[in-house]
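Thanks for coming, everyone. I'll put the structure up on the screen, and then we can walk through it together.

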Amino acid sequence: MLVICGRNVYVNHYLYAPTHHKHSKCTVRTNTRNQMEISGLDNTGRQFKNPDEMWKQEIGDSQKKVDWYRNGVGYWQGVEASMDGVLGGYGHVNEPDINSSEAFLSTLLNEFFPNAGRNQHLVALDCGSGIGRVTKNLLIRYFNEVDLLEPVSHFLEAARENLSPENLSVSEEHKAANFYCTPLQEFTPDAGRYDVIWVQWCIGHLADDDFVSFFKRAKAGLKPGGLFVLKENLARSGFVLDNDDKSITRSHVYFKELFSQCDLIIHNMKDQKGFPNELFPVRMYALTTETVKRVSSSRPKRHSNRPGIIK
């Protein structure tokens with residue numbers, strides 16, 4: 001039996017062993033732009049020969065699609081607005097998660113911005129922000145403004161409280177600017193506002209067509225030279241559907257096909273380290289709209305004087 005907890009982070013190791021061997025019922029055959037022949041299964045063991053078959057059953061008409069998204073948000077409306085709540089009782093993964101994300105982000109800032117952006121007014125969007133965990137522990141230390149996007153209202157209210165000036169240890173030049181209680185599939189960003197759009201543990205709630213349309217809309221929200229960071233669980237092959245919170249965990253091959261449909265380029269990627277063996281693998285992708293030339297810094301690389309992680 002598949003066990004999914006928190007933001008679709010965890011999977012029973014009896015089904016997906018920590019040896020990272022592919023599950024025999026979830027193999028990759030071929031991959032085309034029109035139809036991905038990637039088999040998968042759900043958390044009852046039901047099998048699908050490809051994503052089209054699964055999506056037809058799940059969202060085959062307009063009412064089913066409405067229900068898919070309503071049920072997904074409804075699941076999270078029943079979860080407490082706390083670290084353990086949004087991480088499925090595994091709040092202890094917060095620190096290794098933030099540490100790995102920070103190392104990845106620091107590399108990207110050095111590559112994309114002169115002097116790692118220290119002399120610029122940087123703005124980020126935190127998609128699927130939950131209670132503001134990633135913003136508070138990471139993004140607000142590197143960006144002057146962070147907007148939060150979250151469809152679950154009591155999570156967003158907790159984020160507003162967690163990110164109030166009296167609860168932050170950053171300077172007045174760093175703040176949570178806007179709080180949008182809107183689902184990804186309905187959100188359109190202001191044109192040219194963001195240097196980085198951070199999407200973590202939420203894209204699995206989008207059907208493929210809404211995945212593609214979200215990124216196509218969101219590209220207009222990037223500043224010239226801006227980028228996406230997607231951090232998400234990986235199925236070891238194919239895909240895994242969670243019927244409880246209405247989400248899908250995709251494989252790397254599946255992601256690559258959708259990125260291609262979005263006209264996005266994988267600039268860099270890195271696997272999360274330091275999580276328990278029973279978790280899904282987690283990967284970070286840096287995605288750009290065009291091939292990027294690395295910037296050169298006038299200073300040698302060094303650790304910046306950033307406030308520490310808030311535990």
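So let's start with helix H6 and what packs over it. The buried residues of H6 are covered by, among others, helix H2 (62–77), helix H3 (83–86), strand E6 (145–149) and strand E7 (175–180). Keep in mind that this is a predicted model. Which residues of H6 are buried, then? In this helix, which runs over residues 153–162, they are Phe 155, Leu 156, Ala 158 and Ala 159. Those four sit on the same side of H6, because the arc they cover around the axis is only 160°. If you're wondering about the spacing, an α-helix has 3.6 residues a turn, so residues three or four places apart point the same way.

While you're looking at H6, find Arg 160. Its charged end sits over the ring of Phe 179, 4.5 Å from the ring centre. There's another arrangement of this kind at Arg 250, where the charged end is over the ring of Tyr 254, 5.3 Å from the centre.

Let me zoom out for a second. The chain has 8 helices and 13 strands. It is 311 residues long, and 54% of them count as buried. As for contacts with a separation of 6 or more, 70% are between residues 24 or more positions apart.

Now, the nonpolar cores. The largest one has 41 residues, and the members touching the most others are Cys 127, Ile 197, Ile 203, Phe 211 and Phe 214. Which helix or strand gives this core its largest share? That's H7, with 5 residues. There is also another core, apart from this one, with 30 residues, including Ile 98, Phe 104, Phe 113 and Ala 116.

Take Ile 203 as a way into the big core. Setting aside neighbours within four places in sequence, Ile 203 is in contact with Leu 184, Phe 211, Phe 214, Phe 215, Leu 230, Glu 232, Arg 250 and Phe 255. Yes, that's the Arg 250 whose charged end sits over Tyr 254.

You'll have noticed a lot of Phe in that list, so on to the aromatics. The structure has 16 aromatic pairs. Take Phe 211 and Phe 215: their ring centres are 5.1 Å apart and the planes are at 50°, so we call this pair tilted, as the angle is neither under 30 degrees nor over 60. Both belong to helix H7 (residues 208–219) and are 4 residues apart, about one turn of the helix. Buried or exposed? Phe 211 is buried, at a relative accessible area of 0%, and Phe 215 is buried at 0% too.

Phe 211 has another partner, Phe 259; this pair is also tilted, with 6.3 Å centre to centre and 35° between the planes. This one links distant parts of the chain, since Phe 259 is in helix H8 (residues 252–261), 48 residues apart from Phe 211 in H7. Both of these rings belong to buried residues. Put together, Phe 211, Phe 214, Phe 215, Phe 228, Phe 255, Phe 259 and Tyr 285 make up one aromatic cluster.

What about disulfides? The search comes back with 0 for the whole structure. Cys 127 shows why: the closest cysteine sulfur to its own is in Cys 202, and at 6.0 Å that's too far for a bond. Cys 127 is buried, by the way, at 0% relative accessibility, and Cys 262 is buried at 0% as well.

Two backbone oddities next. Ala 116 isn't a glycine, yet it has a positive phi of about 55°. You'll find Ala 116 in the loop between helix H4 (94–112) and strand E5 (123–127), and it counts as buried because its relative accessibility is 5%. Asp 263 also has a positive phi, near 60°. Asp 263 is in the loop between H8 and strand E12 (265–271) and is partly exposed, at 48% relative accessibility.

Last stop: Phe 48, in strand E4 (residues 47–48). Phe 48 is buried, with a relative accessible area of 3%. How far is Phe 48 from Phe 239 in sequence and in space? They're 191 residues apart in sequence and 9.3 Å apart in space, C-alpha to C-alpha. Beyond its neighbours within four places, the contacts of Phe 48 include Phe 239 and Leu 241, as well as Ser 39, Gly 40, Met 54 and Gln 57. That's my tour; over to you.

Notes. Residues numbered from 1 in each chain as written. Predicted model: local features only at pLDDT ≥ 70, side-chain atom pairs only at ≥ 80, totals over all residues. Heavy atoms only, no water. Phe/Tyr/Trp six-rings, centres within 6.5 Å; stacked < 30°, edge-to-face > 60°. Buried < 20%, exposed > 50% of the residue type's maximum accessible area, 1.4 Å probe, protein only. Lys NZ or Arg CZ within 6 Å of the ring centre and 35° of its normal. Disulfide = S-S within 2.5 Å. Arc of directions from axis to C-beta. Contact = heavy atoms within 4.5 Å. Core = buried A, V, L, I, M, F, W, Y, C linked by side-chain atoms within 4.5 Å.
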